[in-house]
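Me: I've got a fold open on my screen and I'd like to learn how to read it piece by piece. Can you walk me through it?

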Amino acid sequence: FFFDHKQDDSILIVYVRLPAKVPQAKRLDIAEYITRANYGLMISNFELDFGDGDCRCKGSIDYSGGVLARGMIEQLIGKTAYTMNRYFPGMMRVICGNLD
């Protein structure tokens, strides 16, 4: 996990990265996979840097007009981690070439 806190905008972002970069030869395949996975996701989404192969799940919360509470942070971390865990096996099948 890593965090980005945009204090001026009252936004907290949490990222969960894949443990390795996506190889150049698999970036289009994983881009299609995460595009399909992103459809309908409400709290988090997947991102891919085509330049270096960094692939991550991003969750964010806008707490404008309120106070960022511990429970909100815990929910954000939990939901973002859940999303990565849900799609991780399929992402690894795409990257490793074990598509059914």
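Reply: Sure. Let's start with one term: contact here means heavy atoms within 4.5 Å. Keep in mind that this is a predicted model. With that, look at helix 2: its buried residues pack against strand 2, helix 1, strand 3 and strand 4.

Me: Which residues of helix 2 are buried?

Reply: The cut-off for buried is under 20% relative accessible area. In helix 2 that picks out Leu 76, Thr 80, Ala 81, Thr 83, Met 84, Tyr 87, Gly 90, Met 91, Val 94 and Ile 95.

Me: Let's back up to the sheet. How do I read one, and what is the strand order here?

Reply: The general idea is that strands of a sheet pair through backbone hydrogen bonds, either parallel or antiparallel. Here you have an open sheet of four strands in the order 1-2-4-3, and the pairing is antiparallel. Strand 1 (2–6) and strand 3 (44–48) are the edge strands, each pairing on one side only. On average, neighbouring strands are turned by 25 degrees against each other, ignoring direction.

Me: How many bridges join strand 1 to strand 2?

Reply: Five, with the two strands running antiparallel. One pair to click on is Lys 6, which stands opposite Ile 11 in strand 2. The two strands form a hairpin with four residues between them, and Ser 10 in the turn has a positive phi of about 60 degrees.

Me: And what about strand 2 and strand 4, how many bridges there?

Reply: Seven bridges, again antiparallel. Tyr 15 has Lys 58 in strand 4 as its bridge partner. Strand 2 is mostly covered, too: five of its seven residues are buried.

Me: That leaves strand 3. How many bridges does it make to strand 4?

Reply: Five bridges join strand 3 to strand 4 (residues 55–62), and these strands are antiparallel as well. Find Phe 46 and look across to strand 4: its bridge partner is Cys 57.

Me: Now the helices. Which strands does helix 1 touch?

Reply: Helix 1 (residues 27–38) packs on the sheet and touches strand 3 and strand 4. Its direction makes about 165 degrees with that of strand 3. Helix 2 (residues 70–96) also packs on the sheet, touching strand 1, strand 2 (11–17), strand 3 and strand 4. The direction of helix 2 makes about 155 degrees with that of strand 4.

Me: How far apart are the end C-alpha atoms of helix 2, and what span should I expect?

Reply: Do the sum at 1.5 Å a residue: the 27 residues of helix 2 should span 39 Å, and the end C-alpha atoms are 38 Å apart, which agrees. Still, scroll along and you'll find a kink of about 45 degrees at Phe 88, shortly before the proline Pro 89. After helix 2 comes Gly 97, with a positive phi near 80 degrees.

Me: Next up, salt bridges. How many are there?

Reply: The idea is that side chains of opposite charge can pair when their charged atoms come close. For the count, the rule is a side-chain nitrogen of Lys or Arg within 4 Å of a carboxyl oxygen of Asp or Glu. That gives seven salt bridges here.

Me: What does the one between Lys 21 and Asp 52 tie together?

Reply: The side chains of Lys 21 and Asp 52 meet at 3.4 Å, N to O. Lys 21 sits in the loop between strand 2 and helix 1, and Asp 52 in the loop between strand 3 and strand 4, so the pair ties together parts that are 31 residues apart in sequence. Lys 21 is partly exposed at 45% relative accessible area, and Asp 52 is partly exposed at 34%.

Me: Where do Glu 32 and Arg 36 lie?

Reply: Both are in helix 1, four residues apart, about one turn of the helix. Their closest N and O atoms are 2.9 Å apart. Glu 32 is partly exposed at 42%, while Arg 36 is exposed at 62%.

Me: And Arg 70 with Glu 74, where are they?

Reply: In helix 2, four residues apart, about one turn of the helix. Their salt bridge has an N to O distance of 2.8 Å. Arg 70 is exposed, with 66% relative accessible area, and Glu 74 is partly exposed, with 44%. Finally, look at Glu 47, Arg 56 and Lys 58: salt bridges that share partners join them into one network.

How values were computed
Residues are numbered from 1 along each chain as its sequence is written. This is a predicted model: local features need pLDDT of at least 70, side-chain atom pairs count only at pLDDT 80 or more; totals for chains, interfaces and linings use all residues. Side-chain values use heavy atoms; hydrogens and water are left out. Two strands pair if DSSP finds at least two bridges between them. Axes are lines fitted to C-alpha atoms, for helices over the stretch in contact, and angles run from 0 to 180 degrees between N-to-C directions. The expected span of a helix is 1.5 Å times one less than its number of residues. The bend at a residue is the angle between axes fitted to the seven residues ending there and the seven starting there. Buried means under 20% relative accessible area, exposed over 50%, partly exposed in between (1.4 Å probe, protein chains only).
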